[in-house]
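Me: Please take a close look at one part of this model, the largest nonpolar core, and describe what surrounds it. I would like one connected account rather than a list.

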Amino acid sequence: MGCGRVGATLAQSLENRGHSVAVIDQNPDAFRRLEADFGGKKVTGLGFDRDTLTQAGIDDAYGFAAVSDGDNSNILAARVVRETYGVGTVVARIYDPHRAEIYQRLGIPTVATVRWTSDQVLRRLLPMGATSEYHDASGQIVLAEVDVHPGWVGRPVRSLELLSGARVAYLTRYGDGMLPTDDSVLQEDDTVHVLARADDLADVERTLTTAPQETA
């Protein structure tokens, strides 16, 4: 739902990966953002209207993305699709980060646009810190990219986990993602992505952005 720049890009990406896609927007002119060869359905209407959803094929849908420019419309549509039609894979774009946290706790995965953008800007302004990349539906678990003090270079990845309390989900090395093993050692210029409890992220950041205090 929503054929703005995000919705049009998302629809094209899904179709390019071989999925059948239907796009809903109340403004028929919005479909001009789609490429000329887009083969999916273009449905004019409100994304939370049952007739519109039926026309779009909601009864056979695997997933639903509410990415219009209205928080209320997005969350209403997401709830209707999940609760009325039983679609399990639903995500809503929310501009208000406080609302996003509430809906996450209600079990509706959200993308908080403002928070994500501000995190990305902060990451480029501040030399050391942590940037959230993903929260689980409950909002309690976070995947974050964490800057690591140079003193950790040459130490086993396992030592980062033991001293920070976080789990290293993966490393980015020379632009390639890699899953760490028990023998993995942190190298210079590695980017570290950790899984941690959201409440513990500040402590994890504090630990990893300073030189290690113990011998690994």
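Reply: What follows starts with the chain as a whole, goes on to the core and the helices beside it, and ends with the pocket and a second core.

The model is a predicted one. Its chain has 216 residues, of which 38% are buried, and it contains seven helices and 10 strands. Among contacts with a separation of 6 or more, 51% join residues 24 or more positions apart.

The largest nonpolar core has 21 residues, and Leu 53, Phe 64 and Val 81 have the most contacts inside it. Two or more residues each come from H2, E3, helix H3 (71-85), E4 and helix H4 (97-105). The biggest contribution, five residues, is that of H3. In soluble globular proteins, nonpolar side chains tend to be buried together.

H3 has 15 residues, which at 1.5 Å a residue should span 21 Å; the end C-alpha atoms of H3 are 21 Å apart, so the expected and modelled spans agree. The buried residues of this helix are Asp 71, Asn 74, Ile 75, Ala 77, Ala 78, Val 80 and Val 81. An α-helix has 3.6 residues a turn, so residues three or four places apart point the same way. The cover over the buried residues of H3 includes H2, E3, E4 and H4. After H3 comes Gly 86, with a positive phi near 70 degrees.

Leu 53 shows how several of these parts meet. Leaving out residues up to four places away in sequence, Leu 53 touches Ile 24, Gly 47, Phe 48, Ile 58, Phe 64, Val 80, Val 81 and Tyr 85. Phe 64 and Val 81 thus appear both among its contacts and among the residues with the most contacts inside the core.

Two other residues of H2 can be set beside each other. Thr 52 is in helix H2 and counts as buried because its relative accessibility is 7%, under the 20% cut-off. Beyond its neighbours within four places in sequence, Thr 52 is in contact with Ile 24, Val 43, Gly 45 and Leu 46. Arg 50 also lies in helix H2, but Arg 50 counts as exposed because its relative accessibility is 51%, over the 50% cut-off. Arg 50 touches Thr 84 and Tyr 85, again not counting residues up to four places away in sequence. The C-alpha atoms of Arg 50 and Val 80 are separated by 8.6 Å, although these residues are 30 residues apart along the chain.

H2 and E3 also take part in the largest pocket: with helix H1 (5-16), strand E1 (22-25) and strand E4 (89-94), each supplies at least two residues of its lining. The volume of this pocket is about 940 Å³. Its lining has 37 residues, and the closest to the centre are Leu 14, Val 21, Gly 63, Phe 64 and Ala 65. H1 supplies the largest share, seven residues. By type, the lining has 22 nonpolar, 12 polar and three charged residues. Phe 64 therefore belongs to both descriptions, as one of the residues with the most contacts inside the core and one of those closest to the pocket centre.

Returning to the core of 21 residues, Leu 53 is one of the residues with the most contacts inside it.

Technical notes: Residues are numbered from 1 along each chain as its sequence is written. This is a predicted model: local features need pLDDT of at least 70, side-chain atom pairs count only at pLDDT 80 or more; totals for chains, interfaces and linings use all residues. Side-chain values use heavy atoms; hydrogens and water are left out. On a 1 Å grid over the protein atoms alone, a cavity is a set of points where a 1.4 Å probe fits but cannot get out, and a pocket is an open set with protein on both sides within 12 Å along at least five of seven lines; lining residues have an atom within 4 Å of a point. Grid points are joined across faces, edges and corners, and a volume is the space filled by probe spheres set on the points. Helices (H or I, at least four residues) and strands (E, at least two) are DSSP runs, numbered from the N terminus. Ala, Val, Leu, Ile, Met, Phe, Trp, Tyr, Cys and Pro count as nonpolar, Asp, Glu, Lys and Arg as charged, and the others, Gly among them, as polar. A nonpolar core is a set of buried Ala, Val, Leu, Ile, Met, Phe, Trp, Tyr and Cys residues joined through side-chain atoms within 4.5 Å. Buried means under 20% relative accessible area, exposed over 50%, partly exposed in between (1.4 Å probe, protein chains only). Contact means heavy atoms within 4.5 Å. The expected span of a helix is 1.5 Å times one less than its number of residues.
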